[in-house]
Amino acid sequence: MPEAPLLQVRDLTVSFATRQGALRAVDGLSFDVGQKEIVGIVGESGSGKSVAIYSMLGLVREKNATITGSVLFEGREILGLSDKELQPIRGGSIGMIFQDPMTALTPVYTVGWQLVEQIRQHLHLPKAAARQRAIELLGQVGIPDPKSRVDRYPHEFSGGMRQRVVIAMALSCNPRLLIADEPTTALDVTTQAQILDLMLKLQDTYDSSIVIITHDMGVIAEMAHRVVVMYAGRPVEIARELDLVRHPRHPYTWGLLDAVPRLDAKHDRLRTIRGNAVSPLNLPPGCAFAPRCDYVMDQCAQRPPLQGDADHVDACWLSDAQRVTIRQRVEQPS
Amino acid sequence: MIYFIVRRFASAVLVLFAISVSVFLIFFATPGVDPAARIAGRSASAQVLAHVAREFGLNRPLPIRYWLMMEHLFIKQDLTSYVNIGVRVVPQITQAAPITLSLVIGAAVIWMIVGVLGGVVAAANQGKFIDPFIMFIGIAAVSVPAYWLGEVMNLLTQSKFHSSIFAWVPPPGYVSFTTSPSEWFLHLLFPWLTLAALYAGIYARVLRAELVNALNEDYVRTARAKGLSERRILFRHALRCSLISIVSLFGLDFGALIGGAALLTEVVFGLPGVGMLTYTSLQNLDLPVIMGCVMYGAFFVVLANAVVDVLYAYLDPRVRLA
Ligand SMILES: Nc1ncnc2c1ncn2[C@@H]1O[C@H](COP(=O)(O)OP(=O)(O)OP(=O)(O)O)[C@@H](O)[C@H]1O
Ligand SMILES: [Mg+2]
C-alpha cells in the first residue's frame, strides 16, 4: 500500500470580492504531495500560484477573500484553522520561502535575531544554542563567514544572500514540507543554480517534501518529480515531470514547453503563446484557455474536467487522436 | 553608532552657527534699516541710540558686529532690553524655559502614550467598531483649537464646577517643581491634557495608518509564516518598524513646541513660558528679547532634531551607514 500523501489539496478555491465582481484567483485546485516528493507548480504570472499556497497556511488576510476546499496536511485539515492553531505548523512543520527576498525580512533586526526568533518559537532552545544553530544554518545555505554575518542587517546582504537567509529560516526547524514561491526568480542564473542545488541537498538531508512554484520550465526539469500546470487559477495538467516534458497533453503546456529555448531548436525565434494572460475577473464560461488556443472547438464553451489515467490528467476536450496529429505537425514543421 | 552620534552633533553645532549668522544678518544687516533704532525701540533718544551703536559696534565691520552680539548673548549674557530698561534678556529666557519644558515634556509623555495606544488598538481591530471610534475621537481632538479647549477647561475647572468636583484645581499660573512637586503637577495637569489632546489625535491617526501599511508588508507575512503569535507580529515587527516615522514626527513637534509653539496653551493657562515671552516681546518690539527667543528656539529645534536622528539611527539600522 502506498504511503498516505503528506499534503492533499482538494478543490481549493480562493475568490476575492472586488468592485468589478468576484475574482477567482484559484479555482478548483487539487493535487497531492507525497513523502519526499518534489512537486512543481508552473503557470504564467497572475495564474494564482502564490495565492493558492498562501491560502493554505492562512496567509491570505484580505477581508474580501473567500477560501473554500480542503487542505489535508499529515491527514489533518488545516484550512480554516485559527492563527493560534496554525502557529506550530507555520514555520514548524511547513517552511515557506517567498517570492521576493528583498522585502521578506524585517529591516530593523539582524538576520541572526530573526532566525533565532523562529528557532526559539518552535524548538524551545536556549538563546545561545539557538544562535549556534542560526550560525550553522547560515553556513549550510552557503553564506560565507556566518559567524560575523549573523549579526548583520538584511540591507547589508545582496538579494541572493537574503534569499539564502530566507531559505535558512524556512529550513531552521526541519519542516516536513517546504513551500518555495519562485525562490530563484529574483536572482541571476548562477545564484539560481546554487540555490536550487542547495534545496535539493537539504531535501535529501532532511527527507522533506517540496512544493516549488516557478514559471521556469528549466527549474521544473531540474527539480520536480511531478508538475501541476496552472492556467487562470485552474489546474490544466498534472503529470510526472518526464511525462509532462515528453508527452505534454494540454495545448497550454505545449505552449509553455515551446517557449523554452532549446539547444537543438531549428528556428531562431522562440515560439510564444499568442495573446495575453486572461484576467481572472472575466473568464470565459468554458475552458479558460480557449481564447488563446489554436485548436479551439465548439465543445470548449463548456469547462473540460481534469481527466486521464491516474498519473497524468489534463483538462482539454481534444481527443487522443487529435493530439497525436497536432503534435506530429508541430514537431516536424514543413 | 558612536561615530554616527558624534558626527550628528557636530553637524548640529554647525547648523546652530549657521542659524545664528542668519539671525544676526536679518536683525543687523537688513538693508535700509537702522539696527540701532530697532534695538533701542520706539521713540529712543539720540543718546540711547549712540549708546546702542557703541555697544554693538554698529560702525565696525560685520564679523566684529556678529562677534559682539554673540558675546552679549552667550558669554557676558548682559544683553539688555531697551523697552523695559535694564532688564536682562538671558535671565528672562532661563526663567521661562523650565516652564515651557515642564509643559511640553509632560504633554509629550501623555500624547505619546495615548497616541501609540490609540493607534495600536485601532490598527489591531481594523474593521471592528473600536477602530473608527478611536479614529473619530482622534480627528475631533485634532480639529479642536487648543486655546478653545483650554478656555473650556478653564471654564469648567475654574468657575462652573470649581466649587464641586474641581475644587482641587489650583488657579491658573505656575509653581516650580522645586517649590512643590504636587502643586507643580496640579498646576500643569490641565495644560498638559489640553496640549496633548491635539497631538495624541494626530499621532494615533498617523500610527494607525503606518501600522496598517506595515501589516501588509511582506516581512509581516514572513513573520506569520514563521509561526509567531499575532501579538508578537504586531508589536515586535509591525509596531517596531512604524515607530521610525513616529519618532521623526515627534522630533519636529517637540522641538517646535519647546521653541515657543506652545504659546496658545501658555497664554490660556497663564504660564509665563518662552512662548509667552516671545509673544510679549513681539508686541513691544523688544528686539533683543526677540532675538534671544529666536536663538533659544533654534537651539532646541536643532537639538531635538539631532536627538531624533540618533534615535532614528538606533531604530533603523539602514540609516546608520548613510
Ligand atoms: N487581495 C487581492 N485582491 C484581489 N485580487 C487579488 C488579490 N491578491 C491577488 N489577486 C489576484 O489573484 C491573481 C493571482 O495572483 P498570484 O499572485 O497568485 O499570481 P502568481 O501566479 O503568483 O503570479 P506571479 O508569477 O507573478 O507571482 C492575480 O490576478 C491577482 O491580481
Ligand atoms: Mg506569485
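**Exercise 1. A helix in chain A**

Work out whether helix H10 (residues 251-258) of chain A in this predicted model is enclosed or open to the outside.

*Solution.*
Step 1. We need a cut-off: a residue is buried when its relative accessible area is under 20%.
Step 2. Go along the helix and list the residues that pass. In H10(A), these are Pro251(A), Tyr252(A), Thr253(A), Trp254(A), Gly255(A), Leu256(A) and Leu257(A).
Step 3. Draw the conclusion. Seven of the eight residues of H10(A) are buried, so the helix is largely enclosed by the rest of the structure.

**Exercise 2. Zooming in on one residue**

Take Thr253(A) and find out which residues it touches, leaving out those up to four places away in sequence.

*Solution.*
Step 1. Place it: Thr253(A) sits in helix H10 of chain A.
Step 2. Check its cover. The relative accessibility of Thr253(A) is 0%, so it counts as buried.
Step 3. Look for its partners. Thr253(A) is in touch with Val229(A), Glu237(A), Leu244(A) and Pro248(A), once residues up to four places away in sequence are set aside.

**Exercise 3. Two positive phi angles**

Find the phi values of Asp11(A) and Lys36(A), and say where each residue lies and whether it is buried, partly exposed or exposed.

*Solution.*
Step 1. Start with Asp11(A). Its phi is near 55 degrees, which is positive, and the residue isn't a glycine.
Step 2. Locate Asp11(A): it belongs to strand E1 (residues 7-18) of chain A. With 48% relative accessibility, Asp11(A) counts as partly exposed.
Step 3. Now for Lys36(A). Here phi is about 60 degrees, again a positive value in a residue that is not a glycine.
Step 4. Locate Lys36(A): you'll find it in the loop between strand E2 (21-33) and strand E3 (38-42) of chain A. Its relative accessibility is 39%, so Lys36(A) counts as partly exposed.

**Exercise 4. Does the size of chain A fit a globule?**

Compare the radius of gyration of chain A with that of a compact globule of 334 residues.

*Solution.*
Step 1. Get the expected value: a compact globule with 334 residues would have a radius of gyration near 20 Å.
Step 2. Get the value for the model: chain A has 21 Å, which agrees.
Step 3. Add some detail. The C-alpha trace of chain A spans about 65 × 50 × 45 Å along its principal axes. Of its 334 residues, 53% are buried. If you take the contacts in chain A with a separation of 6 or more, 63% are between residues 24 or more positions apart.

**Exercise 5. The make-up of each chain**

Describe the helices and strands of chain A and chain B, then look at their surfaces.

*Solution.*
Step 1. Count the elements. Chain A has 11 helices and 12 strands, whereas chain B has 14 helices and zero strands.
Step 2. Turn to the outside. Chain A has an accessible surface of about 15400 Å², with 52% belonging to carbon and sulfur atoms. For chain B the surface is about 15600 Å², and carbon and sulfur atoms hold 70% of it.
Step 3. Look at the charges. Chain A carries 36 positive and 38 negative side chains, with the centres of the two sets 4 Å apart. In chain B there are 22 positive and 16 negative charges, and their mean positions are 6 Å apart.

**Exercise 6. Into the core**

Find the residues that touch the most other members of the largest nonpolar core, and the helix that gives the most to it.

*Solution.*
Step 1. Recall a general point: in soluble globular proteins, nonpolar side chains tend to be buried together.
Step 2. Pick out the best-connected members. The largest nonpolar core has 79 residues, and those touching the most other members are Phe28(B), Val52(B), Phe56(B), Met69(B), Trp111(B), Leu195(B) and Leu211(B).
Step 3. Name the main contributor: helix H8 (residues 181-215) of chain B gives the most to this core, 14 residues.
Step 4. Notice that there's a second, separate core of 77 residues, with Val26(A), Ile38(A), Tyr54(A) and Leu138(A) among them.

**Exercise 7. A residue touching both chains**

Find where Asp316(B) lies and what it touches, ignoring residues up to four places away in sequence.

*Solution.*
Step 1. Asp316(B) is in the loop between helix H13 (287-315) and helix H14 (317-321) of chain B.
Step 2. Its relative accessibility is 6%, so Asp316(B) counts as buried.
Step 3. Asp316(B) touches Val108(A) and Ile244(B), with residues up to four places away in sequence left out.

Methods: Residues numbered from 1 in each chain as written. Chains lettered and ligands numbered in written order. Predicted model: local features only at pLDDT ≥ 70, side-chain atom pairs only at ≥ 80, totals over all residues. Heavy atoms only, no water. Rg over C-alpha atoms; globule rule 2.2 N^0.38 Å. Buried < 20%, exposed > 50% of the residue type's maximum accessible area, 1.4 Å probe, protein only. Contact = heavy atoms within 4.5 Å. Areas by Shrake-Rupley, 256 points an atom, 1.4 Å probe, with all protein chains shown as cover. Lys, Arg positive; Asp, Glu negative; His and termini not counted. Charge placed at Lys NZ, Arg CZ, Asp CG, Glu CD. Core = buried A, V, L, I, M, F, W, Y, C linked by side-chain atoms within 4.5 Å.
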